[in-house]
Amino acid sequence: MKVTISVFGRFHAFNLAQQLQQKQYLKALISTYPTFIITKYGIEHDLIRSIWHLEVLVRAWRQVPVWLRGSNNLPFLFRDRFDRAAKNYILSGSDVFVGWSSLCLYSLRRAKKLGALTVVDHGSSHRQYQTQILQEEYERWGIKFTSPSPEMYERELQEYAEADRIAVPSLFSKKTFLEKGISEKKLIYIPYGTSLTEFYPVPKLDKVFRVIHCGGIILRKGVQYLVKAFYELKLPDAELWLVGSLAPEMKPILAKYESDHIILKGKHPQSQLHWFYSQCSVFCLASIEDGFGMVIAQAMACGLPVIHTTNTGGEDIVRDGVDGFCIPIRDVEALKEKILFFYENPQRRSQMGHNALKEASNSLSWNDYGEKIVAAYSTALAAK
């Protein structure tokens, strides 16, 4: 079996490529990252196809202030250019083509003509569900929601229709596809892994009880409910650490719940995150929509118990009441209840953190993911 991967940027595609390369299944990795950077992830030079100029353009675009961008549709054009360029790197001899959603319509058509099994890898919920629930959330807070361009939206739906398989990382994500009429036979469901060499516990330097959120500080991640819950608890000798980039939309909300105990830690390289996890007591991901919160597995690998919502993919890897707790989205009272439980029960907190670490070590590595995804590709090929 030979597999070609096509991705704009990185996502978990490089981890997938590493696994396929180890098993001698990787035919090519097409990406916008420069070759010299991709080789740092252990991918052989001869297997890399880099369309690096698009990475430069999209990063420059992200630096342009929102008010200057106007109504132009450059993000879609970047994706379109990538897809059209990537299809030229798809050659005969690929048994499987894996493309990232909204970025691979022309590529998968090319791969299909060459006889390959085509897989769209989609890390979130179904695009229609995602758009709808985020639109609702922004309306709740009186903030304008910027929906994906109609062209990108329609292209992604067309990819769903034309692909042989759609790979999703969680039962939550799978459920949204089934609800939108996608056949279960078309879905490959495999939760992502985490790097056990990057994420591991180090000694905690004090005894302060801390809850940590790691990821974008945005409405989608449900931080608005977490800060409200923590603020209202007013726990002595306790802190909430928010690690990640702060979106402008969150500034008025954080101002409303301003406290010396709610601390913005900023964005940090992935190589440093294990230290932040290790200085905390509980990890919380209160997302409204998250196909699979990879930070959950990272936190577990650092020995933290987890509070997560039904819409994070946490149910796939966190054993409820064993490694942490699952709660409904937008439920401030449930957040308060679980945070208070961990605050008042240090022995249970320690045991559940130990359970989470053991679970991560036993079944959440990228090697575990690699074995499962290769088996899924093989099964789909056999059926084809």
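Trainee: In this predicted model, does Phe292 count as buried or exposed?

Mentor: A residue counts as buried when its relative accessible area is under 20%, and as exposed when that area is over 50%. Phe292, which is found in the loop between β11 and α13, has a relative accessibility of 5%. Because that value lies under the 20% cut-off, Phe292 counts as buried.

Trainee: Which residues does Phe292 touch, if residues up to four places away in sequence are not counted?

Mentor: With those residues set aside, what remains are the contacts that Phe292 makes with other parts of the chain. The residues that Phe292 touches in this way are Gly123, Pro169, Ser170, Pro191, Tyr192, Thr312, Gly313 and Ile317.

Trainee: Tyr192 is one of the residues touched by Phe292, and Tyr192 also helps to line the largest cavity, so how do the residues of that lining divide into nonpolar, polar and charged?

Mentor: The lining is made up of His12, Asp121, Ala167, Val168, Ile188, Ile190, Tyr192, Tyr369 and Ile373. Asp counts as charged, whereas Ala, Val, Ile and Tyr are among those that count as nonpolar, and His falls with the others as polar. The lining therefore divides into seven nonpolar, one polar and one charged.

Trainee: Which elements each supply at least two residues of that lining, and what is the volume of the largest cavity?

Mentor: At least two residues of the lining come from each of β6 (165–168) and α16 (366–383). The count comes to one cavity of 30 Å³ or more, and the largest cavity has a volume of about 40 Å³.

Trainee: Turning to the open sheet of six strands, which strands stand at the edges?

Mentor: The order of the strands is β10-β9-β8-β11-β12-β13, with parallel pairing. Each edge strand has a single partner strand, so one side of it is left without a neighbour in the sheet. The strands that stand at the edges in this way are β10 (262–266) and β13 (324–327).

Trainee: How many bridges join β12 to β13?

Mentor: Strand β12 covers residues 306–309 and runs parallel to β13. Within this pair, Val306 stands opposite Gly324 in β13. The number of bridges that join β12 to β13 is four.

Trainee: Which helix lies across β8, β11 and β12, and at about what angle to β11 does that helix run?

Mentor: Helix α10 (residues 223–233) lies across β8, β9, β10 and β11, and runs at about 165° to β9, which is not the set of strands you name. The helix that lies across β8, β11 and β12 is α13 (residues 294–301), and its angle to β11 is about 175°.

How values were computed:
Residues numbered from 1 in each chain as written. Predicted model: local features only at pLDDT ≥ 70, side-chain atom pairs only at ≥ 80, totals over all residues. Heavy atoms only, no water. Pairing = 2+ DSSP bridges. Contact = heavy atoms within 4.5 Å. Axes fitted to C-alpha atoms, helices over the stretch in contact; angles between N-to-C directions. 1 Å grid on protein atoms, 1.4 Å probe; cavity = no way out; pocket = protein on both sides within 12 Å on 5 of 7 lines; lining within 4 Å. Points joined across faces, edges and corners; volume = space filled by probe spheres on them. Buried < 20%, exposed > 50% of the residue type's maximum accessible area, 1.4 Å probe, protein only.
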